[in-house]
Structures are given as structure tokens and as C-alpha cells.
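Colleague: Can you put that model up? I'd like to go through it with you.
Modeller: Here it comes.

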Amino acid sequence: MEKGKVFKYGDNVNTDVIIPARYLNDASAQNLKAHAMEDIDPEFSKRVRPGDFVVGGFNFGSGSSREHAPLALKASGVRAVIAKSFARIFFRNAVNTGLYIIESAEMADEIDENDVLTIENGVLTDLTKGKSYPLPPMDDYVAKILAKGGLMEAVKDEG
Amino acid sequence: MALTATQKIFAKHAGRESVTPGELVTAQVDVILGNDITSPVAIAEMKKAGGKVACPEKVALVLDHFVPAKDIKSAEQCKTVRDFAAEQGIEHFYDVGKAGIEHALLPELGLVRPGALIIGADSHTCTYGALGCVSTGVGSTDMAAAMLTGKLWFRVPQAIKVTLSGKLRRYVTGKDVILTLIGMLGVDGATYRSLEFFGNVSALSVDDRLTIANMAVECGAKNAFFPVDEEAAAYLASRGVHPCAEELVLPDADAEYIEEIALDLSSVPPTVAFPHLPSNVRTFGKDIPNDIAIDQVVIGSCTNGRLSDMRAAASVMKGRKVAKGVRCIVIPATMEVYKQCLEEGLTATFVDSGAVVSTPTCGPCLGGYMGILAHGERAVATTNRNFVGRMGDVTSEVYLASPYVAAESAIRGVLACPEE
């Protein structure tokens, strides 16, 4: 069972803090990950491990359209981002690049920093608290993109 | 069912009679925009997919964020875009000397048509809704998929209707209007919705409408929409755009809006967004202290770098000097605006007052270069975001304001508004 720990932040985690613009002269996700979350949590890139989770409040990913933001989180090994709501371009970018995102006020409220989570068979379990949450349903087209691992793979099929 | 203007434009581009708010549709797009930051990621996706651009005539590539290239890595990104444009036969490619900030440039070039569906890999792509189209910011992979197929997936938005009345007071601009609305709605109050303006739209200049639409994303909106009036039609005609009747979209009379806001323009005060959210608004004469000392002023950006913004700033600065200890950076948004500033003597006014005038770039707005803030420094800027670390060090502060307020603040050395 793949487990990951939680990094928890507040409302309006914007793309400028997920990946500051001073690093956007480089589009390599591998280079960007060293600076993920740097302006809100300078220790993030050192502490994050593959399979970990990011939890936010309202309006996660607001601001710039930079896809570097979900790419930096994905390259950092983030398994999923859980938030009360997502800004729309970040939502698109996460889906399109295959970063798993979960919109749930209940989970975002109840799950705490350093909790250990796992996802299996459509259920997210907070092992620290011993509580399980069914994953919310998603639109068919969004599910298809995520199943293909990203938008480019999905549209190639459409011909 | 009765449709809003935005829903009508989505229906037409999806080849449908009607659409339902909330549903996902695949729609043909008319313009696909990218810049020097977002295009390289899209180009890498295109290359991975081994694809060719299906519709090079629809693609516009504008180098504007870090140009003239600020360092070697930026130069490489510009080169990637330049080479791609040449390889793929993309004619709408705008490089240093021909370019400008993308959202000021595209309307100038006549690339924005009423009734169009425009996407751009830049969040401020919503600017063009000022001219009666649907335009919205997307990501780089969206841009790549659209270049490959000519179409893209969208969620059909519900709409917030803003009905305008009255006229703006002196020293009050479109910037104050949109900051006021963001203050009312909050930074996510319009998420997944379109922000549609009706009523006394003609009381606003086209430039004011562009500024308002530009910042619609700061309250989360997918797009903004203004119907085309006589002034907008005249502006479009001056740019070689002559829309036919069916491109001039209006909502059905019984279209449904999820929220309706009545805004008397004469009630809008000079407004400033304090750190660190665009919704954190305060107004002169009410809750702005008169002793907020500043280190820097930036006048420019896709929000406020057009000719009317330059004229507004120059009218305040003419014959006066930038305060000791303040750095004032003026950035006309396009080469056309830059040239016009020279011809009208605005550049001389800025330089005589002690400001510097840069060639077009997004530069300092996003903390790229050309005016980065040090530890604890404070800037008044006509830009669009004041997030933590947006213009430099994480302890620095950005106050968002109109060109009038920014210029007066540069002269007085404190956050200030011109007085009648």
C-alpha cells in the first residue's frame, strides 16, 4: 500500500508561490521541482517524498496560467492535491498534465499537516485519523484525460 | 433555452444549437496565443506528440515576458519559440521590435474579432472580452492540443451580469472599477463564471473596458464580455476589423444570470488593492492612510500599459519631479504605444520628471526583471497582482492602482491620489 504524508496550506495558494516567476526562464520540470512552493514553504522541496499529498483551502492555484506549477508539484512526486476549490486554469492544467486533484471541503478541513494518507479503489484513507473518504466523482471527459495520463494522449485518440 | 452572450459563442463554436451551463463541450477556437514563458512548454508537448500545427494561421506567438532576453535561459526559450514559428509557418510571430505585451498587442494588430473564441496560454487572455468575444486563459498543454487539433475542451460557464450606470468621476478609471468589483466578489467570487457587462457600457472608453476585462481573472472569472457599441466598432474598424452582424453577439433577453450586480460608475472612488490580494481593496478618502512611504512605482503591464494610461500618468507628472528615494519605471505596452509616447512628448515628460522608460516587457509585473523589489520594499504598480513575492523578495509589498494614483505616488513619495 502506497502511503504519503500531508503538506497543508491555507486559502489562495497561488501559482506565484507554487513556482515563482524568477524560475520560469527554465521549462524543465526536473529543474523546477527544486523551487516548488519556495515562497510559501522554503523547506518543501527538501522534505517532500514521492507519494506525498498537498492540501489547500479555497482557490488553490489562483493567478498565472503557468503550467510549470502543476509540473513542479508532479515532478516533486506529489500524488494528489486536495483543496476546497481550485482556480479554473490550475484545474485544467492539473487534469491536462495528469496531476491528480481532489475537490473536497470535508477532506481539506479534516486532514492535517503530516497526516499519512493512502488512496485505494476510489477511497482516500487518512491512516493517522483512521477515517476514509470516497473520492468525489468527476466528469467523463476529465476522467478520460486522467486515465490517459494527460490531454495530449487523449486528443491523439480523437484524431 | 435562453443563452448568455458567452454561452452563445460557445454553442456556435461547438457546432451546437444550444449549450447548458456546467456541461463540457469541445469547441473550435479562432486564435491560439502563447508567449515566451508558456509556449516552450506547449512546443515540447507538440514535439512529444510528433505533431504538426493544424492551423498555423490561428496561432499567435508573442515574446513579451522576459524580452529583450534577460539571461541565457530566457534567450533559449525565445529561440525555441522563434524556431518553432519558422518551422511551422506561423506568420503571427512577434519578436523584439515588432512586439509588445501580448494583450495590448493583439487588439492593436486587429487579431481580435467580436464573436470569436480566443484562447491564450496566459491568464490575462480574458482581456479581449472588452471587444465582444470570448477569450480565456488556458495552460500550455491546452495550447498544444489546440495547435494540434484546432479545438479544445471547455466547461460552459454561468454568468454574472454587471449593469453599469452613470459616469466615472475625474481621476477614476477602469482600474478602479475592476478593483471595486474584485473587492465585492472576492478573488474566487467569479470562478468558472463569465463576467458580463451591460447598461451604460458606452460611458467607459475602450481602453477602460480592456483594463476591466483584463483583471476579470483576478476574481476567478473564466472570461469577461462587453457588447460592441459604436466606440468599440470604431476602434475595431481603425484596426481593420469589420465584423458582420452575426459576429455581434448579444444575450437572449431572458438569459439567466447566477448573480446580478448594479454598479453606478459615479460612485466608484479611486481604489487601491493592498498587499497581498487584489481583493484587499481600500479607497482614498476612506481607509487609505496618507503616510505609506514607497520605494518604487511601475506604470505599465497588460492591464495599464496602453496609450491612455501613458497620457494619464504624464498628465500628473508633467513639470513635477519623482520624489527623492523613489524609482519610477514606465513601460509602454507595445511599440506603437512607445512611438506614440515619443511623438506626443510623453516620454520627455517621464524622463524630465526622473522616471525611466523601458521598451515593452512584462518584466517587473511578475518579478521577472526590470524593477525587482528588495527585502521590505514597497511599490505602487498599475499591474494586476500583488501576491506574496510577486515583484521580488517575499517581504516586499505591491499596491495595485490606476496610472493616476501610481504617478501621483511617484511624485509625492507616498501612496497618494491626485486632487482636483
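Colleague: Start just after α4(A). What is the phi of A:Gly77 there?
Modeller: A:Gly77, just after α4(A), has a positive phi of about 95°. Keep in mind that this is a predicted model.

Colleague: And the helix before that, how many residues of α4 of chain A are buried?
Modeller: Seven of the eight residues in α4 (residues 68–75) of chain A are buried, so the helix is largely enclosed by the rest of the structure.

Colleague: Which ones?
Modeller: The buried residues in α4(A) are A:His68, A:Ala69, A:Pro70, A:Leu71, A:Ala72, A:Leu73 and A:Lys74.

Colleague: What covers them?
Modeller: The cover over the buried residues of α4(A) includes the helices α1 (15–18), α2 (29–32) and α5 (88–97) of chain A, and the strands β2 (53–55) and β3 (80–83) of chain A.

Colleague: OK, zoom out. How many helices and strands are in chain A?
Modeller: Chain A has eight helices and seven strands.

Colleague: In what order do the strands sit in the sheet?
Modeller: The order is β4-β3-β2-β1-β5-β6-β7 in chain A, an open sheet of seven strands with mixed pairing.

Colleague: Which strands are at the edges?
Modeller: β4 (100–103) and β7 (131–134) of chain A. Each has a single partner strand, so one side of each is left without a neighbour in the sheet.

Colleague: By how much are neighbouring strands turned against each other?
Modeller: By 25° on average in this sheet, with direction ignored.

Colleague: Take β1 and β5 of chain A. In what sense do they pair?
Modeller: Antiparallel, over two bridges, between β1 (residues 4–8) and β5 (residues 116–120) of chain A. A:Gly4 has A:Leu117 in β5(A) as its bridge partner.

Colleague: Now the overall dimensions. What does the C-alpha trace of chain A span?
Modeller: About 45 × 40 × 25 Å along its principal axes. The radius of gyration of chain A is 15 Å, and a compact globule with 159 residues would be near 15 Å, so the two agree.

Colleague: What percentage of the residues of chain A count as buried?
Modeller: 51% of the 159 residues. On contacts, taking those in chain A between residues at least 6 apart in sequence, 68% join residues at least 24 apart.

Colleague: Next, the contact with chain B. How many residues of each chain are in contact?
Modeller: 35 residues of chain A are in contact with 44 residues of chain B. On the side of chain A that touches chain B, α1, α5 and α8 (151–158) of chain A each supply at least two residues.

Colleague: Which of them gives the most?
Modeller: α5(A), with six residues on that side of chain A. By class, the side of chain A that touches chain B has 12 nonpolar, 13 polar and 10 charged residues.

Colleague: And chain B, where are its domains?
Modeller: Domain 1 of chain B is 5–265 and domain 2 is 273–412. Their C-alpha centres lie 24 Å apart. The contact takes 34 residues from domain 1 of chain B and 29 residues from domain 2 of chain B.

Colleague: Which helices supply the domain 1 side of chain B?
Modeller: α4 (102–108), α6 (174–185) and α7 (206–214) of chain B each supply at least two residues of the side of domain 1 that touches domain 2. α6(B) gives the most, with six residues.

Colleague: And by class?
Modeller: The side of domain 1 of chain B that touches domain 2 of chain B has 12 nonpolar, 13 polar and nine charged residues.

How values were computed:
Residues are numbered from 1 along each chain as its sequence is written. Chains are lettered from A and ligands numbered from 1 in the order in which they are written. This is a predicted model: local features need pLDDT of at least 70, side-chain atom pairs count only at pLDDT 80 or more; totals for chains, interfaces and linings use all residues. Domain bounds come from an automatic or database domain assignment. Two residues are in contact if their C-beta atoms, placed from the backbone, lie within 7 Å. Helices (H or I, at least four residues) and strands (E, at least two) are DSSP runs, numbered from the N terminus. Ala, Val, Leu, Ile, Met, Phe, Trp, Tyr, Cys and Pro count as nonpolar, Asp, Glu, Lys and Arg as charged, and the others, Gly among them, as polar. Two strands pair if DSSP finds at least two bridges between them. Axes are lines fitted to C-alpha atoms, for helices over the stretch in contact, and angles run from 0 to 180 degrees between N-to-C directions. The radius of gyration is taken over C-alpha atoms; the globule rule is 2.2 Å times the number of residues to the power 0.38. A residue is buried if 20 or more other C-beta atoms lie within 10 Å of its own, exposed if 12 or fewer, and partly exposed in between; C-beta atoms are placed from the backbone.
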